[in-house]
Number of protein chains: 2
Amino acid sequence: MTASPVSPDAEPDADDRLVADVFARNCDSRRVLENIAGKWGILALAALHEGAYRFNALRRRVDGVSEKMLSQTLQALERDGLVRRDVQATIPPHVEYSLTPFGARVAAQLVDLLELVESEVGTVLAARAEYDRSAADRKR
Amino acid sequence: MTASPVSPDAEPDADDRLVADVFARNCDSRRVLENIAGKWGILALAALHEGAYRFNALRRRVDGVSEKMLSQTLQALERDGLVRRDVQATIPPHVEYSLTPFGARVAAQLVDLLELVESEVGTVLAARAEYDRSAADRKR
């Protein structure tokens, strides 16, 4: 959503705003997409769709992510209102991550996407073999 | 999908393969996700969901993408069997990109995701303002 040019005195209302368009590089929705997109954002959201996680457990679930990268990913998702960070007043304090209602809606879509990708890995491997064979043929 | 250890003589069949798990860093499905998951992959697939595009038109649609990045993105998606590249024997030759049936299924999921993100940009902007306000308070 990008505010359209309005006079400074005008009360902004729905009609004064353009519709969000993620294809437009300056639209705020593009920034949101950038935080969700990327394998770590997608995998973190999909993992949290299974339930709340503490940091280290989430890091084990999202196999291969570095501590720093997961921390940055969660912070961006928290700032965008997709992830909630709860600090429990125990000793030592427990920090738990979970999805907001909006985060849960996004994560549900991502889980569908991941299941589709997982179910079609065979299709992809066959396509790659064919592509590489054709590329080799073209080089001859 | 990762082949489980089998003896070299064994005929591989479905039972000899582990189920794909995108959370596992070495699973082939993780590689597929990496090609789909970046913002350019997502936007290119979503654009092609509207119909076939020639390269330059697709580049205009996916606002902000460089020629090199779009080219790399399309090549990876073609290799993975999501995008088809058709060269028409005209002078000069026309190269057109479209979705394969598998690509269309992935793209349909991504379009749903983008529509959700676009519809909730207001939620995100409010969450960011609240997050930044709280962060400023904590610093005091």
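Helices and strands are taken here as DSSP runs, with at least four residues for a helix and at least two for a strand, and they are numbered from the N terminus. In this predicted model, the secondary structure of chain A comprises 6 helices and 3 strands, and these elements follow one another from the N terminus in the order α-α-β-α-α-β-β-α-α. Chain A has 140 residues, of which 40% are buried, and its accessible surface amounts to about 7,600 Å², with carbon and sulfur atoms contributing 50% of that area. Among the contacts in chain A with a separation of 6 or more, 41% are between residues 24 or more positions apart.

One residue of chain A that can be placed against these elements is A:Thr100, which is found in the loop between strand S3 (94-99) and helix H5 (101-119). A:Thr100 has a relative accessibility of 13% and is therefore counted as buried, since the term applies to values under 20%. A polar atom of the A:Thr100 side chain lies 2.9 Å from the backbone nitrogen of A:Gly103. When residues up to four places away in sequence are set aside, A:Thr100 touches A:Gly81, A:Leu82, A:Val83 and A:Arg84.

The contact between the two chains was examined next. The size of an interface is often given as the accessible area lost when the parts come together. For chain A and chain B, the buried area is about 5,200 Å², and 65% of it comes from carbon and sulfur atoms. On each side the contact takes in 55 residues, those of chain A meeting those of chain B. Across this interface, 21 residue pairs are found in polar contact, with both members at pLDDT 80 or more. On the side of chain A that touches chain B, the elements giving two or more residues are helix H1 (28-36), helix H2 (39-48), helix H4 (67-79), H5 and helix H6 (121-139). The largest share of that side is supplied by H5 of chain A, with 11 residues. By residue class, the side of chain A that touches chain B is made up of 27 nonpolar, 9 polar and 19 charged residues.

Side chains of opposite charge can pair when their charged atoms come close. Over all chains, the search of the whole structure yields 20 salt bridges, and the count between chain A and chain B is 10. One salt bridge links the side chains of A:Asp80 and B:Arg128, at an N to O distance of 2.6 Å. Another is formed by B:Arg105 and A:Glu120, whose closest N and O atoms are 2.9 Å apart. Because B:Arg105 lies in helix H5 (residues 101-119) of chain B, whereas A:Glu120 lies in the loop between H5 and H6 of chain A, this pair joins two chains. The partners are covered to unlike extents, for B:Arg105 is partly exposed at a relative accessible area of 44%, while A:Glu120, at 16% relative accessibility, counts as buried.

Salt bridges are also found within chain B. The closest N and O atoms of B:Asp86 and B:Arg84 are 3.8 Å apart, and the two residues form a salt bridge; B:Asp86 is partly exposed, with a relative accessible area of 32%, and B:Arg84 is likewise partly exposed, at 40%. The side chains of B:Arg133 and B:Glu130 meet in a further salt bridge, at 2.8 Å from N to O. These two residues are 3 positions apart in helix H6 (residues 121-139) of chain B, so about one helical turn separates them. B:Arg133 is partly exposed, with a relative accessible area of 47%, as is B:Glu130, with 41%. In addition, A:Arg31, A:Glu34 and B:Lys39 are joined into one network by salt bridges that share partners.

A buried position in chain B is provided by B:Ile42, which is placed in helix H2 (residues 39-48) and has a relative accessible area of 1%. Leaving aside neighbours within four places in sequence, B:Ile42 is in contact with A:Leu33 and A:Ala37 of chain A, and with B:Ile36, B:Ala37, B:Leu110 and B:Leu114 of chain B. The C-alpha atoms of B:Ile42 and B:Leu113 are 9.7 Å apart in space, although 71 residues separate the two in sequence.

Conventions. Residues are numbered from 1 along each chain as its sequence is written. Chains are lettered from A and ligands numbered from 1 in the order in which they are written. This is a predicted model: local features need pLDDT of at least 70, side-chain atom pairs count only at pLDDT 80 or more; totals for chains, interfaces and linings use all residues. Side-chain values use heavy atoms; hydrogens and water are left out. Buried means under 20% relative accessible area, exposed over 50%, partly exposed in between (1.4 Å probe, protein chains only). A polar contact is a pair of N or O atoms within 3.5 Å; within protein, one must be able to donate a hydrogen and the other to accept it, and residues adjacent in sequence count only if both atoms are side-chain atoms. Contact means heavy atoms within 4.5 Å. Buried area is the accessible area (1.4 Å probe) that two parts lose on being put together, summed over both. A salt bridge is a side-chain nitrogen of Lys or Arg within 4 Å of a carboxyl oxygen of Asp or Glu. Ala, Val, Leu, Ile, Met, Phe, Trp, Tyr, Cys and Pro count as nonpolar, Asp, Glu, Lys and Arg as charged, and the others, Gly among them, as polar. Accessible areas come from the Shrake-Rupley method with a 1.4 Å probe; for residues, only the protein chains shown count as cover.
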